Amino acid sequence: MSASEKEKVLDKREKSGSNGEGKGRKIFEKIRSVKHIEVIVAIICCVVLVLVYFGGSELSSNKKNNVITTTSESDKLLGDMEKILGSIKGVGKVNILINYSGGKRIEIASKVETVTKVDSDGTVYTITENRSPIIVSGNGESKPIILKEESAAIEGVIIVAEGADNVGVKLQLISAVKTLLDINPDKIKVFSMK
């Protein structure tokens, strides 16, 4: 094949895009010819960032949800507090909101199965294989043994009460909630009701 024939073959390949380099150039040129490509790329990046932000916030919001373990415990506590605080002299109707951090923590007794193995050379290996809860059966129920139970931590309390515009009443409400829940007074905010 002569040199001029080789050049013709190469020219045909470049025009037809049969080699990878020619196709890449054509695609790149098409992308560059699009008007306002920077704006389109910026919009795509913003959409991706928004999706990542809101998608990630759902996962991280589960870490710090204000959760109380059982609604009945929470309702009973709130009902008792509203009744007691409402009976303080100068206080009328009371609404209370308690903000919890995390949930109830329960430590369950468990047994650990370990296996001791001796090698042919006399080396002793102790391997912890399984950790399982200790279950106690009685009255047709099977329950694990609970070693320790911690309530959810209280992050703050909001009290809205009739009569709370009086400073003395406000101080009595703060003192009562501080004593009842064993929390710092700076976590308690009292507002007067409309």
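Accessible areas here come from the Shrake-Rupley method, run with a 1.4 Å probe. On that basis the chain exposes about 15,100 Å², and 56% of this area is supplied by carbon and sulfur atoms. Keep in mind throughout that this is a predicted model.

**View 1. The whole chain, from one end to the other.** The chain has five helices and nine strands. Starting at the N terminus, the elements run α-α-α-α-β-β-β-β-β-β-β-β-α-β. How much of the chain is buried? Of its 194 residues, 15% are buried. As for how the fold is stitched together, take the contacts with a separation of 6 or more: 61% of them are between residues 24 or more positions apart.

**View 2. The largest nonpolar core.** This core has 23 residues, and the ones that touch the most other members are Ile96, Ile98, Val157, Ile159 and Leu173. Two or more residues each come from helix H4 (71-86), strand S1 (94-101), strand S8 (153-161), helix H5 (167-181) and strand S9 (188-192). H5 gives the largest share, five residues. As background, nonpolar side chains tend to be buried together in soluble globular proteins.

**View 3. Zooming in on Ile98.** Ile98 is one of the core residues that touch the most other members. What does Ile98 contact once its neighbours within four places in sequence are left aside? The list is Leu77, Leu78, Met81, Ile154, Gly156, Val157 and Leu181. Val157 turns up here as a partner of Ile98, and Val157 is also among the core members that touch the most others.

**View 4. A nonpolar patch out on the surface.** Not every nonpolar side chain is tucked away: Val39, Ile43, Val47 and Leu51 make a surface patch of about 380 Å². To place the patch, look for Val47 in helix H3, which covers residues 37-61. Val47 counts as partly exposed because its relative accessibility is 44%, and partly exposed means between 20% and 50%.

**View 5. A salt bridge along helix H4.** The model has two salt bridges in total, and this view shows the pair Lys76 and Asp80, whose closest N and O atoms are 3.0 Å apart. Why are these two separated by about one helical turn? Because Lys76 and Asp80 are four residues apart in helix H4. Lys76 is exposed, at 55% relative accessibility, while Asp80 is partly exposed, at 36%. In general, side chains of opposite charge can pair when their charged atoms come close.

**View 6. A salt bridge between Glu141 and Lys143.** Here the closest N and O atoms of Glu141 and Lys143 are 3.4 Å apart. Both partners are partly exposed: Glu141 has a relative accessible area of 43%, and Lys143 has one of 49%. Glu141 sits in strand S6, opposite Gly138.

**View 7. The S5-S6 hairpin and its odd residue.** Strand S5 (residues 135-138) and strand S6 (residues 141-144) run antiparallel and are joined by four bridges. The hairpin has two residues between the strands. One residue to check in the loop between S5 and S6 is Asn139. What is the phi of Asn139? Phi is near 55°, a positive value in a residue other than glycine. For context, most residues other than glycine have a negative phi. Is Asn139 buried or exposed? With a relative accessible area of 82%, Asn139 is exposed.

**View 8. Another positive phi, at Asp182.** Asp182 is a residue other than glycine with a positive phi, near 55°. Where is Asp182? Look in the loop between H5 and S9. Asp182 counts as exposed because its relative accessibility is 71%, and the cut-off for exposed is over 50%.

**View 9. Asp165 meets Ser192.** Asp165 is found in the loop between S8 and H5. Its partner in this view, Ser192, is 27 residues away along the chain, yet the C-alpha atoms of the two are separated by 5.2 Å. Ser192 falls within the span of strand S9 (188-192). Asp165 counts as exposed, with 64% relative accessibility.

Methods:
Residues numbered from 1 in each chain as written. Predicted model: local features only at pLDDT ≥ 70, side-chain atom pairs only at ≥ 80, totals over all residues. Heavy atoms only, no water. Patch = residues over 30% accessible without salt bridge, like charges linked within 9 Å, V, L, I, M, F, W, Y side chains within 5 Å. Salt bridge = Lys/Arg side-chain N within 4 Å of Asp/Glu carboxyl O. Buried < 20%, exposed > 50% of the residue type's maximum accessible area, 1.4 Å probe, protein only. Core = buried A, V, L, I, M, F, W, Y, C linked by side-chain atoms within 4.5 Å. Contact = heavy atoms within 4.5 Å. Pairing = 2+ DSSP bridges.
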